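Visitor: I am new here, and I would like to know how the words used for a structure are earned. Could you show me around?

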Amino acid sequence: MTIERGKLIIISGFSGVGKGTVIARLMEEHKGFAFSVSGTTRYQRPGEIDGVHYFFLSREEFEQGIREGKFLEHAEYNGNYYGTFADYVDQRRDEGIHIILDIEVQGAMQVMRRCPDALSMFLIPPDAATLVHRLTGRGTETREQIRGRLEQAVRESAEAEKYRAILVNDQIQNTVNEIYGMVQDPSGMEAYRRENLPRVAVIRDDLEKILNLGEY
Ligand code: 5GP
């Protein structure tokens, strides 16, 4: 019996858009999905578990992994390395499991080049104010860090159009249903990009205005 290979799902989006929550809900509700736990050199935040949220590595360990070709993709983000383990992704896909990558845009572009069949999705908030609200609501970041994330969002907004689908994460359940639907039948993904691309431009402009006001 041959097993149909699992799909490779890339989920990117601005910091604070709710990627983690959406992915957790998708996996709770549907069998047959696995999350790709990345390697990173960033510090371990309180509550994070090594091997569950990330594999926390030293720079030396990470660089050795790069040399040995362990990563399907890797990128440097905010001064830290992040990378996806190639073997894990391949093994799960061979077992027929759909694998989800929560990765930033540089890494996503590498995966799209190497795996043209990847289902790439970019999550955006309904509007700029919601993003600011979600970032400030976490209560874990300084104003400077929030500014950094908003600036990052402005830069990343230029890449959204390279993804097959752009999804507005307004109601979590809707977003989960949309992602699940795309995995079952990816043929409608481009329509989501066309429909939501204008909204990315509005959010980018609004974020720039907020940044120019200097509150963050
Ligand atoms: P955080 O440090 O907040 O957990 O993640 C920062 C960024 O790194 C997020 O945009 C997240 O999607 C991204 N990221 C996490 N793991 C990987 C990875 O393996 N590769 C790449 N390229 N980005 C990752």
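Guide: Gladly! The residues of the shell around the ligand divide into five nonpolar, four polar and six charged. This is a predicted model, where local features need pLDDT of at least 70 and side-chain atom pairs count only at pLDDT 80 or more, while totals for chains, interfaces and linings use all residues. Residues are numbered from 1 along each chain as its sequence is written, and side-chain values use heavy atoms, with hydrogens and water left out.

Visitor: What makes a residue count as nonpolar, charged or polar?

Guide: Ala, Val, Leu, Ile, Met, Phe, Trp, Tyr, Cys and Pro count as nonpolar, Asp, Glu, Lys and Arg as charged, and the others, Gly among them, as polar.

Visitor: Which residues are closest to the ligand?

Guide: Ser38, Arg42, Tyr54, Tyr82 and Asp102 are the closest of the 15 residues that surround the ligand. A residue is near a molecule if one of its heavy atoms lies within 4 Å of it.

Visitor: What makes the approach of Ser38 to the ligand a polar contact?

Guide: A polar contact is a pair of N or O atoms within 3.5 Å; within protein, one must be able to donate a hydrogen and the other to accept it, and residues adjacent in sequence count only if both atoms are side-chain atoms. An N or O atom in the side chain of Ser38 is 2.6 Å from an oxygen atom of the ligand, so the pair falls within 3.5 Å. For Asp102, a side-chain N or O atom is also 2.6 Å from a ligand oxygen.

Visitor: Why is Thr84 called buried?

Guide: Buried means under 20% relative accessible area, exposed over 50%, and partly exposed in between (1.4 Å probe, protein chains only). Thr84 has 0%, so it is buried. Thr84 lies in strand S6, and its side chain makes a polar contact with the side chain of Glu73 (2.5 Å).

Visitor: Why is Asn78 called exposed?

Guide: Asn78 has a relative accessible area of 58%, which is over 50%, so it is exposed. Asn78 lies in the loop between S5 and S6, and its phi is near 50 degrees, a positive value. Most residues other than glycine have a negative phi.

Visitor: And why is Glu63 called partly exposed?

Guide: The relative accessible area of Glu63 is 30%, in between 20% and 50%, so Glu63 is partly exposed. Glu63 is found in helix H2 (residues 59-67); helices (H or I, at least four residues) and strands (E, at least two) are DSSP runs, numbered from the N terminus.
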